[in-house]
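Here are a few exercises to work through with the structure open beside you. Try each task before reading its solution.

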Amino acid sequence: MKRAEFEHVALQSLDALLGYARHLARNEEEAQDLVQEAYARVLAYRDKVQHPGEARPLLFRILHNLFVDQYRHNRRGPVMISVDDLQGRAPHPSERIVDPSTPLSELLKNCLSDEMQCALRSLDEGLRETLCLRELEGFSYEEIGEILEIPIGTVRSRLSRARREMARRLVSILAGAPMLQAEPGVAPPRKNRSL
Amino acid sequence: MSGASLQHGCEWCASLLEAFFDGELSDPAEAARVNRHLQDCPSCRADLDALESLSRGLRALPVSAAPDALRESVRSRLLPSGGRFPRQEAFVRVMNHPALALATAVLAGLIIGTSWQLYAGRRAEEALSAARGSAVPALDEHISLVLSDDGSALQTSNAAELEDWFRQRLDFAPPVPAWPWAELVGGRLSLIGGKRAARIEYLAGERQFTLFVQFVGAEVHTSLRKCDSGRRALITQQRGYKAAYWSRDGFTYVLVAHQTADPVFENLRKQP
C-alpha cells in the first residue's frame, strides 16, 4: 500500500477513532492522549499494511491495546453515571411513565441521547467496546474479533449481552430506577499479543 | 417480545436473530428461514424492531469532530515535514532554490494551478472530515425513515468520493455505477431487511431515482428477491413505484423510481 494512501486512510479515521476513545476513556484528555499515541504507534506498522481496508482496523487494535495497558495500570472499575446527573439536561426520569408492556422499540423512540449515553457508559468495558465497534463503527464480527483478539463466538455473545444490558439499563433509566451495577463476569479487556 | 425488554420470542430464532440483523448469517438457508419466520411471528418481529431502535439510538449519539489541534498534531505525525503533503514539500523546495528562480517564473502558471489543487484538496478533506463527525449520527437517525426522506447524506457528483464515503461507513465497498444518462446527486446509509445498504441518489433529467446496493455474497437475500446474476434487470411495480433489480459480483442492486419514470428504465435497459 502506498504511503500517501495509508496516511489518507489513517487521517480519515481520526474522528471515528476519537469517538471510540471517548467511549472508553474517562475524559476528553485521556481520549485524545490515546488517539495521539495510537497514531504515533501506527507508523511502525505502515509497511505491513497491504490494503487500504486494513489501516482502519489496525488503528482501532492499537488504540484498544493502549486502553488495555491503561486499564491494567489504573485497575479501575466501570465508569458509573448517576441518573441524577441527567437532571437539568433531560426531563427527570421520574416524570416518565414506563408501561412494562410497551415494546422496547416504542420506548426507545423517546429515549434521549443523554440517557443512551448514560446506559452505554455504565456497561462493562468489554461489552461497551464490542457494542461500539459494531454499532458505531460498523466493523464485522471478524474484524471485531481481530481488534479485540477474541473468537467470533465471543464477539457474538458479547454483543448479545451488551444489547440486553443496554435495553435493561435504558428501561431502568426511563423508569427512574437507580442505576444498575455493571453485569459481572466479563473478563477485563485483553491486549492483542500480535501488536 | 411483548414488553420493554430485549427477550426473544422464539428460542430457535433467538440464536439467529442478532446475526441476521448484523448481516452475519453465513448460511443463506438460515437467513431465508429467519426472514420467512419474521413475516409471520410478531414477537420476533418486535425483537428485530427493538434491535433496530437500539442501533438507531446508539448511532444518533452526538459525535463531535476532532479538535483542530489534535488534527494538526496527528497530521504532523503522519506526514513528513510538519504535516505538509509531499507535493507541497516539493513546491516549497522549488521556491527556495535560487537556481530554479527563472524556471519557477516560467512555470508559475503551472505551479499556481497545482498549488490551488492542493489547497482545494486539503480544504475538501477537512470539510469532509468535519462533516462526518456531525453527519453520521444524523444519518443514522434517519435510517429507518429513509424512504420518506428526500435529503442526501453526502451530496456529490463524484462517484469515487461517494464510494470512499460508503467504504468508511459500511463493512463492504459498494460500487457506485455511473451512467451517461444520469447525474449522481449523493448517497446515504440505509437498512433493508435488517442489513446495511448504500442508498445512492441520481437525477435523470428531472426524474429522481434511487439505487440501493447491498452486499450479499453467496447469500440469497429473500427480502430483495435474488435475480439472475448480472444478466438483466428484472422490473416489478407496486404502490406507484417501479423497481428494477439485479445482482452482480456479490452485490444486489435495486433501482427505485416513480412509475412514470419510464425513460429511466428504458435507459437502464439499453445501458445496464
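Helices, of at least four residues, and strands, of at least two, are runs assigned by DSSP and numbered from the N terminus. Keep in mind throughout that this is a predicted model.

**Exercise 1. Take stock of the two chains**

Task: Find how many helices and strands there are in chain A and in chain B.

Solution:
- Step 1. Start with chain A: nine helices and zero strands. Read along the sequence, its pattern is α-α-α-α-α-α-α-α-α.
- Step 2. Turn to chain B, whose secondary structure comes to 10 helices and seven strands.
- Step 3. Add the burial figures. In chain A, 55% of the 195 residues are buried; in chain B, buried residues make up 46% of 272.
- Step 4. Look at contacts with a separation of 6 or more. Residues 24 or more positions apart account for 74% of these in chain A and for 53% in chain B.
- Step 5. Finish with the surface. Chain A exposes about 8,200 Å², with 50% supplied by carbon and sulfur atoms. For chain B the accessible surface is about 13,500 Å², and 54% of that belongs to carbon and sulfur atoms.

**Exercise 2. Check the confidence in chain A**

Task: Work out where in chain A the pLDDT stays under 50.

Solution:
- Step 1. Begin with the average: chain A has a mean pLDDT of 76, and 69% of the residues score at least 70.
- Step 2. Now the stretches. Over residues 75-98 of chain A, pLDDT stays under 50, and the model has 46 contacts beyond four places in sequence for them.
- Step 3. Residues 179-185 of chain A are also below 50, with 23 contacts in the model beyond near neighbours in sequence.

**Exercise 3. Place a strand among its partners**

Task: Describe how strand E7 of chain B is covered and which strands bridge to it.

Solution:
- Step 1. E7(B) spans residues 251-258 and is mostly covered, with six of its eight residues buried.
- Step 2. On one pairing, strand E4 (residues 207-215) of chain B runs antiparallel to E7(B), joined by seven bridges. Here B:Phe209 has B:Ala257 as its bridge partner.
- Step 3. Strand E6 (residues 241-248) of chain B is also antiparallel to E7(B), through eight bridges. In this pairing B:Trp246 stands opposite B:Tyr253.
- Step 4. E6(B) and E7(B) form a hairpin with two residues between the strands, where B:Asp249 takes a positive phi near 50°.

**Exercise 4. Follow one glutamate**

Task: Is A:Glu135 buried or exposed, and what does it touch?

Solution:
- Step 1. Locate A:Glu135 in helix H7 (residues 125-136) of chain A.
- Step 2. Apply the cut-off: buried means under 20% relative accessible area. A:Glu135 has 1%, so it is buried.
- Step 3. Its side chain makes a polar contact with that of A:Arg163, at 2.8 Å.
- Step 4. Beyond its neighbours within four places in sequence, A:Glu135 contacts A:Arg163 and also residues of chain B, including B:Phe21, B:Ser55 and B:Arg196.

**Exercise 5. Inspect two helices of chain B**

Task: Say which residues are buried in helices H1 and H9 of chain B, and what lies beside each helix.

Solution:
- Step 1. In H1(B), residues 11-21, the buried residues include B:Cys13, B:Leu16, B:Leu17 and B:Phe21.
- Step 2. After H1(B) comes B:Gly23, with a positive phi near 70°.
- Step 3. In H9(B), residues 159-169, B:Leu162, B:Trp165 and B:Phe166 are among those buried.
- Step 4. At the start of H9(B), a side-chain oxygen of B:Asn158 comes within 2.9 Å of the backbone nitrogen of B:Ala160.

Key: Residues are numbered from 1 along each chain as its sequence is written. Chains are lettered from A and ligands numbered from 1 in the order in which they are written. This is a predicted model: local features need pLDDT of at least 70, side-chain atom pairs count only at pLDDT 80 or more; totals for chains, interfaces and linings use all residues. Side-chain values use heavy atoms; hydrogens and water are left out. Buried means under 20% relative accessible area, exposed over 50%, partly exposed in between (1.4 Å probe, protein chains only). Two strands pair if DSSP finds at least two bridges between them. A polar contact is a pair of N or O atoms within 3.5 Å; within protein, one must be able to donate a hydrogen and the other to accept it, and residues adjacent in sequence count only if both atoms are side-chain atoms. Contact means heavy atoms within 4.5 Å. pLDDT is the predictor's confidence in each residue, from 0 to 100. Accessible areas come from the Shrake-Rupley method with a 1.4 Å probe; for residues, only the protein chains shown count as cover.
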